[in-house]
Structures are given as structure tokens and as C-alpha cells.
Amino acid sequence: MVSDTPHEPETPGDHPHDNDDDAPDAFAPEVTPGGSQIIRHEPGAGSDAHEGGGETTFLSDEEMDAFQQYIEERFGPIANVWHELVSDQLHIDLLPVEPDGDDRPFFFLCTMGMSALPMTVPEDYDASPYAELCVALPPDWKRTSEDFEREGDDAYWPFGWLKHLARIPAAYDTFLGPGHTIPNEDPPVPFTERTPFVGVLVLPAAALLEELPPATVGEKTVELLTIVPLRAEEMDFKLEHGTEALLERFDELGLTPWAMCDPERPSACPQE
């Protein structure tokens, strides 16, 4: 893991996530009642750097320039690139875009570096194996170094989790795609004592902008994916009934994508 911040979450050696895709058996040893396939990862052949050795892979300067231009054209000016100081297998920077009134009333955060390596995808995967991850946060989200020092992981978890998730495909020879859920440990526990979320759901970033084509980065096509944090009962519901059923529950709440990260938001699956 990176060491540029004391708040970076640890990656467990046996890392589960699930998806709703019809993947080959090698990717799907377990199936939930809702038809989601559970994938349990041991570090793969590409994970030497994850264990402390190997070289770090970077995007080229040209690729970084192209991806930053893509983000700025669609989400607004990047205030400053949050450079990673020490990296392992992948060098993952973060691109923050400040809110802009009614046109973009959320704080946008995106990885830059996950797409330096292709994900290990099933043969029938119908999207690019290159991806980056993003999240939309409430406009008043705490995001300065002083905030992190004062609030700890209560403020930092979206930043740390984007980096944590961006490393999973390379570290475990796997992939992340729409419909996947990734728990915080197994069994899942809350990110922090004051945060009710125990994992995340991966969705297309079109959930943030209706018209969002993939990025062209050099010779690569890079898919942009977003994450939605889940409470324990929401993750259980998704595993039982599937992604579409959970998204219908979210629609009933009528919350904006950035409000989904508010720890005080209502549950889509309230317990009786």
C-alpha cells in the first residue's frame, strides 16, 4: 500500500467482492441468492509489488494530460492534482474538482493511474479492460489536510477507498465493473465508528452525468466508474435481490448521487 497518508485502508489477503455478470467459473466460485457471483481473491501473479517488491507502473505524461483534459471537459477545472508520494504496484493520483453552483453542485474526486494496467477481465466482458474510479461527494465534504488531521477517516475514507479499490484489479488479477460490491473486510464492518457504510457498489459514472463517453487516453479506451457506499442492510439486500432491485430502492429515496455519501442519509432498506 502507499505510505503518503496515515489513513490509507489496508487490503486484506483474502478479498471478496461480488458482481451480477455471467462470468466464467474461475471468476465465480460462489453465487448469492440474488444471482450475484462472489469472488474471493488471493494475491495473484501480478501482485509482487503489493507484497512489497516489484516496480511501480505509471501512466505516461501524455496519457495523464489526455485524461485530465477529459475530466476537465466534463466535470470542470481540476484545482490541483493530489500526487501520490510513495507508490507500490501502481502510482495512483487523485483529481479533485470543486463544486460549481447549480451546474455541478458536488465535489468530484477521481483516480488517475488505475488505467496504467489492464484489468484481468472475463472473455465475454463487453467493456474496456482499462478503468478509473470516481465519486461525487456533498459540496461541503471535509477535504483539506487540516480536516483529515482533525476528522481522521470520517473525512478521508472516500479518498482512501478510491485508491484502495483502484489497486484491487492489479493486485489480485481480477476486475471491477458495474454491479460489483466490495465489502470492508469479511464479514464487513463500518469504515469508521461514525460512518454507517460497510462497503461500496460500483456503477457506471453515467450515474453522475447522463452523457459520459469513455475517455480516449493514447491508444486506450478508459471506462469511468463511480462508487456508492452501502450500509450493511443495503449490501445484504443487494446480495439477496440483485443490483437492479437495490437501485430501485435508491430511486425511491430520491437522493442525488452525492447525497448517497452522506453518513446521515436514510437507508434504502430500513430494518423493521
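The paragraphs below lead through a predicted model, going from its overall make-up to one helix, the loops that follow, and a buried arginine.

The protein is built from 5 helices and 10 strands. Of its 272 residues, 53% are buried. When contacts with a sequence separation of 6 or more are considered, 65% of them in this protein join residues that lie 24 or more positions apart. One such long-range relation can be followed by eye from Thr181 to Lys238, whose C-alpha atoms are 8.6 Å apart in space although the two residues are 57 apart in sequence.

Helix 3, which runs over residues 153-172, is a good place to begin a closer look. Its end C-alpha atoms are only 25 Å apart, whereas a straight helix of 20 residues, at 1.5 Å a residue, would reach 28 Å. In the same helix there is a kink of about 30°, and Phe159 is at its centre. As for its surroundings, helix 3 is largely enclosed by the rest of the structure, because 19 of its 20 residues are buried. In an α-helix, residues three or four places apart point the same way, because there are 3.6 residues a turn.

The interior also holds some empty space, since the model contains 3 cavities of 30 Å³ or more. The second largest cavity has a volume of about 40 Å³, and its lining consists of Leu90, Met114, Leu117, Pro118, Met119, Ala166, Pro169 and Ala170. With the range of helix 3 given as residues 153-172, the reader can find Ala166, Pro169 and Ala170 of this lining within that helix.

Just after helix 3 comes Asp173, in the loop that leads from this helix to strand 7. Asp173 has a phi near 50°, which is a positive value in a residue other than glycine. With a relative accessibility of 29%, Asp173 falls between the limits of 20% and 50% and therefore counts as partly exposed.

Strand 7 itself covers residues 181-183 and includes Thr181, which counts as buried because its relative accessibility is 1%. In the loop between strand 7 and strand 8 (197-204) lies Pro187, which is joined to Asp186 by a cis peptide bond with an omega of about 5°. Glu185 is placed in the loop between strand 7 and strand 8 as well, and it has a positive phi of about 75° although it is not a glycine. Its relative accessibility is 46%, so Glu185 counts as partly exposed.

The last stop is Arg265, in the segment after helix 5 (243-253). Is this arginine buried or exposed? Arg265 counts as buried, because its relative accessibility is 4%, under the 20% that sets the limit for a buried residue. Its side chain reaches the backbone oxygen of Pro229 at a distance of 3.0 Å. Leaving aside residues up to four places away in sequence, Arg265 touches Phe197, Pro229, Leu230, Arg231, Glu234, Phe250, Leu253, Leu255, Ala259 and Met260. Pro229 thus appears both as a residue touched by Arg265 and as the one whose backbone oxygen its side chain reaches.

Conventions
Residues numbered from 1 in each chain as written. Predicted model: local features only at pLDDT ≥ 70, side-chain atom pairs only at ≥ 80, totals over all residues. Heavy atoms only, no water. Helix = DSSP H or I, 4+ residues; strand = E, 2+ residues; numbered from the N terminus. Expected span 1.5 Å × (residues − 1). Bend = angle between axes of the 7 residues up to and from the residue. Buried < 20%, exposed > 50% of the residue type's maximum accessible area, 1.4 Å probe, protein only. Polar contact = N/O pair within 3.5 Å; in protein donor to acceptor, adjacent residues only side chain to side chain. Contact = heavy atoms within 4.5 Å. 1 Å grid on protein atoms, 1.4 Å probe; cavity = no way out; pocket = protein on both sides within 12 Å on 5 of 7 lines; lining within 4 Å. Points joined across faces, edges and corners; volume = space filled by probe spheres on them.
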